[in-house]
Amino acid sequence: MKNSNIFESGTFVIGCNYWPSKTGTNMWLKWQPREIAKDLDALAKYGIKLLRVFPLWPDFQPIESLKGFYGTTRQIGTGRDSIPLNDENIACLDPVMLNRFSEFADMARERGMKLIVGLLTGWMSGRLYAPHALNGLNLITSPVALMWETRFVSAFVSMFKNHASIKAWDLGNECNCMGNASREEAWTWLALISSTIKIVDPSRPIVSGMHGLAVEPQKPWSISDVSELTDIMTTHPYPLFTAHCAREPLNTMRASLHAAAETKLYSDIAGKTAIVEEIGSLGDMICDKHTEAAYARTVLFSALSEDCRAFIWWCGFDLDRMTHPPYDWVALERSLGLFTSDRKPKP
């Protein structure tokens, strides 16, 4: 069945990246469906129709290096009877987590929400998440990591490819932050993961999920290389993290036009659709809430006028009550929501 592309020319969708207001990246381990339902109701009330969501990689594929004599690795598995490694579950996915994701996708569908699913979410908010068995490996170049990544992607996409709420597969959140790579190594990783998705589900577009891509085609993670192997290009246009842009306050012309200009640059070089997949003010350390609201409005309409197809805020809710990493590492990750952690809408 052909899946309609929500990013067609002439369309524009407003959404947000989502972690629960009460648990953040502990969403799947500390599963709170009633609180998540309240979050989704708050978002739906204000017209949010698109969520970018993240089945956190080590939670869904909790593989370990099982040791034998002298600490040598005998096998990669889970050591749990509840997650057998066999022909039916060669990817070693946790059925409890899969059931939780299915429940979440159903909750989104009930509210008329569509999902972009970030598959290999190893990098998130300043922290690297990886299955225990892969700790210390380069997640872009290690053959061991590539084998288990491919198994994860193939199995997860196969399980959820018929769910009506899922409109696109995202490679993962800013996967170009997961490990150093040459141009050829980065291209090979992109080709492997993209082709694995397409083999299982050719009906949905593949969204890049990358940030800060190089304009020069000879560099790793270039716009041209990423566009060769994905369907939808993405920008995460935060002025603070972009060269030559963090020179003026957020409410000046340079910052206000940044998102539309960068997204058009990606689209023009790639010859493909590009969307504003992650954007925000970076919270109270940058500006007050009314300046943030004016910035969001200006950038949104600039993106609309340039046919950028989508405007997806980072993120749905403030996460200022979190006590686990990365929220106790990185102060700016705590106050980036459309809503407060009590689900009160910001200006």
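Angles between helix axes under 35 degrees count as roughly parallel, over 145 as roughly antiparallel, 65 to 115 as roughly perpendicular, and the rest as oblique. The structure described here is a predicted model, in which local features need pLDDT of at least 70, side-chain atom pairs count only at pLDDT 80 or more, and totals for chains, interfaces and linings use all residues. Residues are numbered from 1 along each chain as its sequence is written, and side-chain values use heavy atoms, with hydrogens and water left out.

**Helix packing**

Helices (H or I, at least four residues) and strands (E, at least two) are DSSP runs numbered from the N terminus. Axes are lines fitted to C-alpha atoms, for helices over the stretch in contact, with angles from 0 to 180 degrees between N-to-C directions.

Helix 3 (residues 95-110) and helix 4 have axes that come within 11 Å and cross at roughly 40 degrees. Helix 3 and helix 4 are therefore oblique to each other. The contact (heavy atoms within 4.5 Å) is made by Leu98, Phe101 and Ser102 of helix 3 and by Phe156, Met159 and Phe160 of helix 4. Five of these residues are nonpolar, one is polar and none is charged. In this classification Ala, Val, Leu, Ile, Met, Phe, Trp, Tyr, Cys and Pro are nonpolar, Asp, Glu, Lys and Arg are charged, and the others, Gly among them, are polar.

Helix 4 (residues 143-160) also meets helix 5 (residues 183-200), their axes coming within 9 Å and crossing at roughly 25 degrees. Helix 4 and helix 5 are therefore roughly parallel to each other. On the helix 4 side the contact includes Leu146, Glu149 and Val153, and on the helix 5 side it includes Trp189, Leu192 and Ile193. By class, the contact of helix 4 with helix 5 has eight nonpolar, four polar and one charged residues.

**Loops on either side**

His132 sits in the loop between strand 7 (127-128) and helix 4. His132 counts as exposed, at 55% relative accessibility; the cut-offs are under 20% relative accessible area for buried, over 50% for exposed, and partly exposed in between (1.4 Å probe, protein chains only). Apart from neighbours within four places in sequence, His132 is in contact with Ile63 and Glu64.

Gly179 belongs to the loop between strand 8 (166-170) and helix 5, and at 17% relative accessibility Gly179 counts as buried. Although Gly179 and Leu137 are 42 residues apart in sequence, their C-alpha atoms are 8.7 Å apart. Gly179 is in contact with Asn138 and Ile140, leaving aside neighbours within four places in sequence.

**Backbone geometry**

Two residues other than glycine with positive phi are listed below.

| Residue | Phi | Place |
|---|---|---|
| Cys92 | near 65 degrees | loop between strand 4 (73-77) and helix 3 |
| Ser125 | about 55 degrees | loop between strand 6 (123-124) and strand 7 |

Cys92 is buried at a relative accessible area of 0%, and Ser125 is buried at 8%. Cis peptide bonds join Trp314 to Cys315, with omega near -10 degrees, and Pro325 to Pro326, with omega about 10 degrees. Cys315 lies in the segment after strand 12 (310-313), as does Pro326.

**Cysteines**

With a disulfide taken as a pair of cysteine sulfur atoms within 2.5 Å, the count is zero. The sulfur of Cys315 is 7.5 Å from the closest cysteine sulfur, in Cys16, too far for a bond. For Cys245 the closest cysteine sulfur is in Cys287, 14 Å away, also too far for a bond. Cys315 is buried at 1% relative accessible area, and Cys245 is buried at 5% relative accessibility.
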